[in-house]
Amino acid sequence: MNVLLLGSGGRECALAWKINQSESLDNLYIAPGNAGTAALGTNLPFSPLNFDAVAQAIIENNVEMLVVGNEDPLVAGIADYVKSHSALSHVKVVGPSQAGAQLEGSKDFAKAFMMKHGIPTAQYKSVTAENLEEGFAFLEAQKAPYVLKADGLAAGKGVLIIDNLDEAKAELREMLDGKFGKSSATVVIEQFLKGIECSVFVLNDDCGNYALLPVAKDYKRVGEGDTGLNTGGMGSISPVSFADAEFMDKVVTRIIRPTVDGLKADGISYCGFIFFGLINVEGDPYVIEYNVRMGDPETQSVMARVDDDLIALMSRATQPGGFGQSFTVKALPSYAATVIMTAGGYPGSYAKGMEIVGIEGVEGSVVFHAGTKFDDQGRLVTSGGRVLAVTSLGESKDAALAQSYANVARIHFDGSYCRRDIGFDLK
């Protein structure tokens, strides 16, 4: 099978790595990819938002499956485009319809969906410039800290958690005035939930069934002890100690099953990955957010543990009749630990073009590329804020982490930084 994977980050590198292991793979193409995916398939130099280029690549390379790694093309309607294109109707698309992608593309839509289908989540109020005073009143009725979320996609930067009421009101006004562009024309104010978070993933078949993947936990704050600014993710762990059988039974019955059934009931076409960002509040799971693709850097840890053929799983999801029944994907019993190496200054301003050396010395870990490229001299250099993800398996969380940190020490580029406490809050 020829597969086209859209995206260029660490998530796509991990997906490419897993797809590359499939016995049914003939050729893998990644658009646009990065320096790491170049070793796993053929990079194609176009944006996933260039739908005509996607179509041309599918036709020219006899692509049979399209896997959409990142959210932007899904929200823009790539799945609908391919399915409605006369020359592409045979292509298996792993990614939801534009309507389904609204679970991530609009937080207002997602909250309304959860309320409609009885899925546990925080109380909320959607605010625009027209009902700003109602927003202020809702903030005044909440206890600190105050949670403000841009309704649309904001590259992971559209969520603010603020301790001071007056500051929260000022930030709400700034967001509505365009702080995050059109993404914050509507702002969702949420009740703050206190607990510990985890990430749950399923591959949905659009026929009422799903495959449950390994659970992971990521670490968003740039500073140790979960301090400092939010990032795209500084590391991840899988499995998650508190996500035991009792907790996961609640997740399935209260969250996953109502979500899958709700999509069917609402007539929303959804064949692809669903990311449930959950918080454990005194043993009960609540949904913080949906994503309509795999998470990053959780994918790196999840794919390291998946003990099934990923192309086979995705093929079953896209076939008529889907999986036939819901099931749990086979997973290795090992722990997986991912440590992200970032450019100095990230998530603020940072330099690019720093030469990366030492990857060839890595032993016992997989290095997934994110913000990397080859420069005009053929050197491997940095090209983003999150540069590399070092992922290791171990018999325990601590053993996996020790292996990842040992290999982080073998890799060098000017200004590199990583958190040294990934997994600190798990047993």
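Two strands count as paired where DSSP finds at least two bridges between them, and I kept that rule beside me while going through this predicted model.

**Entry 1: the hairpin**

I began with β10 and β11, which form a hairpin with four residues between them. The two strands pair in the antiparallel sense over three bridges, and within that pairing I found N204 of the hairpin standing opposite Y210 in β11. In the turn I stopped at D206, which has a positive phi of about 65 degrees although it is not a glycine. Is D206 buried, exposed or partly exposed? I noted it as partly exposed, with a relative accessible area of 23%, and the cut-off for buried is under 20%.

**Entry 2: the sheet around the hairpin**

I then followed the hairpin outward and found an open sheet of five strands, in the order β17-β16-β10-β11-β18, with mixed pairing. Why do β17 and β18 each have one side without a neighbour in the sheet? Both β17 (284-291) and β18 (327-328) stand at the edges with a single partner strand each, so one side of each is left without a neighbour there.

On one flank of the hairpin, I looked up β10 with β16 and recorded an antiparallel pairing over 10 bridges, in which L203 has F273 in β16 as its bridge partner. On the other flank, strand β11 (residues 210-212) pairs with β18 in the parallel sense over two bridges, and there I noted T328 in β18 as the bridge partner of L212.

I also checked how far β10 is covered, and eight of its 10 residues turned out to be buried.

**Entry 3: a second positive phi**

Going on along the chain, I came to E282, which lies in the loop between β16 and β17 and has a positive phi of about 55 degrees although it is not a glycine. I wrote E282 down as exposed, with a relative accessible area of 82%, whereas D206, in the loop between β10 and β11, is partly exposed.

**Entry 4: the helix across the sheet**

Which strands does α9 lie across? I listed β10 (196-205), β11, β16 (271-281) and β17, and noted that the helix runs at about 40 degrees to β17.

**Entry 5: the nonpolar cores**

In soluble globular proteins, nonpolar side chains tend to be buried together, and with that in mind I turned to the cores. The largest nonpolar core holds 80 residues, of which L4, L66, I78, V200, I256, F276 and Y290 touch the most other members. Helix α9 (residues 245-265) gives the most to this core, with seven residues. A second, separate core of 37 residues includes C13, L25, L40 and V329.

I took L4 as an example and, leaving aside its neighbours within four places in sequence, found it in contact with Y29, I30, A31, L44, V54, A57, I58, V63, M65, L66 and V67.

**Entry 6: aromatic rings**

How many aromatic pairs are there? I noted nine. One that I looked at in detail is formed by F201 and F275, an edge-to-face pair with 5.1 Å from centre to centre and 75 degrees between the planes. This pair links distant parts of the chain, with F201 in strand β10 and F275 in strand β16, 74 residues apart, and both F201 and F275 are buried. I also recorded one aromatic cluster formed by F113, F276 and Y290; F276 and Y290 had already appeared in my notes among the residues that touch the most other members of the largest core.

**Entry 7: charges over rings**

I next looked up lysines placed over rings. The charged end of K169 sits over the ring of F136, 5.6 Å from its centre, and K217 lies over the face of Y219, at 4.2 Å from the ring centre.

**Entry 8: cis peptide bonds**

Last, I went through the peptide bonds before prolines. A cis bond joins A31 and P32, with omega at about -5 degrees, and I placed P32 in strand β2 (residues 27-32); A31 is also one of the residues in contact with L4. The bond from A144 to P145 is cis as well, with omega near 0 degrees, and P145 belongs to the loop between α7 (132-141) and β7 (146-150).

Notes
Residues are numbered from 1 along each chain as its sequence is written. This is a predicted model: local features need pLDDT of at least 70, side-chain atom pairs count only at pLDDT 80 or more; totals for chains, interfaces and linings use all residues. Side-chain values use heavy atoms; hydrogens and water are left out. A nonpolar core is a set of buried Ala, Val, Leu, Ile, Met, Phe, Trp, Tyr and Cys residues joined through side-chain atoms within 4.5 Å. Buried means under 20% relative accessible area, exposed over 50%, partly exposed in between (1.4 Å probe, protein chains only). Contact means heavy atoms within 4.5 Å. Axes are lines fitted to C-alpha atoms, for helices over the stretch in contact, and angles run from 0 to 180 degrees between N-to-C directions. Rings of Phe, Tyr and Trp (its six-membered ring) pair if their centres lie within 6.5 Å; planes under 30 degrees apart count as stacked, over 60 as edge-to-face and the rest as tilted. A charge sits over a ring if NZ of Lys or CZ of Arg is within 6 Å of the ring centre and within 35 degrees of the ring normal.
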